[in-house]
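Here's a quick tour of how the protein meets DNA, and then how the two chains meet each other. Have a look at the structure first.

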Protein chains: 2
Amino acid sequence: MAQLQLDTGGLEETAFASEPGLLLARANADSIAATNEALAEFGLRVRSFAVLAAAAAASRPTQRELAAFLRLDPSQVVALVDGLERRGLVRREADPGDRRVNAIVITEAGQSLHARASRAVAGSRDRQLAALTPAEVTTLTGLLAKIVRSRSVE
Amino acid sequence: MAQLQLDTGGLEETAFASEPGLLLARANADSIAATNEALAEFGLRVRSFAVLAAAAAASRPTQRELAAFLRLDPSQVVALVDGLERRGLVRREADPGDRRVNAIVITEAGQSLHARASRAVAGSRDRQLAALTPAEVTTLTGLLAKIVRSRSVE
DNA sequence: TATTGTTATACTCTATAACTATA
DNA sequence: TATAGTTATAGAGTATAACAATA
């Protein structure tokens with residue numbers, strides 16, 4: 001694992017360093033880098049894993065729902081589902097009631113890979129959050145969920 | 001302002017929706033989109049604004065410090081500083097003690113633009129955090145700062 | 001030898017518009 | 001007319017390696 005010496009000079013002590021938007025960007029950059037590293041051995045990246053995990057967690061989400069939930073453009077979901085489908089990890093199932101709609105269904109192979117990959121992701125996440133107590137993690141996720149969901153109803 | 005109808009189906013109620021990494025990604029995506037929109041009239045984007053704001057907040061940060069602080073590659077800082085310098089918003093000043101090092105110094109024009117742009121950014125940030133009480137905002141920024149800074153010492 | 005900044009390059013991610021098939 | 005998904009394309013963001021100047 002790369003040992004990074006991050007000398008940020010006096011920047012950490014400025015008021016700008018406490019800006020929520022900046023902190024979100026920095027925390028997210030760290031999360032993506034660490035998670036991509038953890039996912040490499042499974043041939044996944046953050047975004048493809050997110051689609052797989054959403055298909056594993058929810059009942060037959062549509063591509064439109066995945067796009068809205070993951071903050072992706074619908075055209076990006078096409079490419080991500082293509083990749084997963086080629087590997088036999090998910091499949092598209094046309095909705096009988098509305099044949100424009102594709103439900104994304106995880107396969108057995110997808111569930112198996114997801115189970116292993118999500119353990120690696122959890123380990124990476126735990127390392128990133130190691131400075132927080134379990135109660136603080138709960139608080140953090142609760143506050144993030146509150147602002148993310150307020151956006152969903154805008 | 002675009003009125004987005006975000007139908008996320010049942011995904012919001014899954015355990016995956018409470019994953020910190022996912023919440024960070026979603027909150028950050030919302031923050032970047034809203035902030036870029038707020039910055040458009042100033043000819044800035046999130047990353048160029050961040051460099052400008054860091055130069056405004058800190059005393060003569062080096063490009064290396066900016067890269068570490070903003071989680072950017074040093075080569076990206078080159079391009080961002082180039083853009084700001086062309087517009088006369090910052091200037092590079094070689095360190096007399098170590099002539100490899102460039103300190104980034106904000107100009108008067110840079111300070112003036114930063115003052116106006118940061119008001120727009122603050123408005124956008126307040127809208128994103130409107131669902132939280134002031135105390136919750138303080139808690140959120142404190143927790144994010146804790147995990148971001150724990151990474152800095154890794 | 002090591003480090004700062006730079007250049008070049010390729011890859012990933014994001015945004016937009018236009019198209020199809022269904023509704 | 002409107003919507004889900006698709007295609008194509010361009011632009012923005014990120015990662016890597018190699019180089020010059022300096023330490």
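## Around the DNA

A residue counts as near a strand if one of its heavy atoms lies within 4 Å of it. Keep in mind that this is a predicted model. By that cut-off, 19 residues surround DNA strand C, and the closest are Asp73(A), Gln63(B), Arg64(B), Arg100(B) and Asn102(B). On the DNA side, 67% of the strand C atoms that come within 4 Å of the protein belong to sugar and phosphate.

Which secondary-structure elements line this surface? Helix H4 (74-86) of chain A, plus helix H3 (63-70) and helix H4 (74-86) of chain B, each bring at least two residues. H4(B) gives the most, with three residues. Sorted by class, the surface has nine charged, six polar and four nonpolar residues.

## Holding the phosphates

Both chains reach phosphate oxygens of DNA strand C. In chain A, an N or O atom in the Arg47(A) side chain sits 3.0 Å from one, while Arg99(A) uses a polar backbone atom at 3.1 Å. From chain B, a polar side-chain atom of Arg92(B) is 3.1 Å from a phosphate oxygen.

## Chain against chain

Chains A and B put 60 residues each into their contact. About 6000 Å² is buried between them, with carbon and sulfur atoms giving 68% of that.

Eight salt bridges cross the interface. One of them joins Arg71(B) to Asp30(A), with the closest N and O atoms 2.6 Å apart. On the chain B side, H6(B) gives the most, with 14 residues. That side divides into 33 nonpolar, 13 polar and 14 charged residues.

How values were computed. Residues are numbered from 1 along each chain as its sequence is written. Chains are lettered from A and ligands numbered from 1 in the order in which they are written. This is a predicted model: local features need pLDDT of at least 70, side-chain atom pairs count only at pLDDT 80 or more; totals for chains, interfaces and linings use all residues. Side-chain values use heavy atoms; hydrogens and water are left out. A polar contact is a pair of N or O atoms within 3.5 Å; within protein, one must be able to donate a hydrogen and the other to accept it, and residues adjacent in sequence count only if both atoms are side-chain atoms. Helices (H or I, at least four residues) and strands (E, at least two) are DSSP runs, numbered from the N terminus. Ala, Val, Leu, Ile, Met, Phe, Trp, Tyr, Cys and Pro count as nonpolar, Asp, Glu, Lys and Arg as charged, and the others, Gly among them, as polar. Contact means heavy atoms within 4.5 Å. Buried area is the accessible area (1.4 Å probe) that two parts lose on being put together, summed over both. A salt bridge is a side-chain nitrogen of Lys or Arg within 4 Å of a carboxyl oxygen of Asp or Glu.
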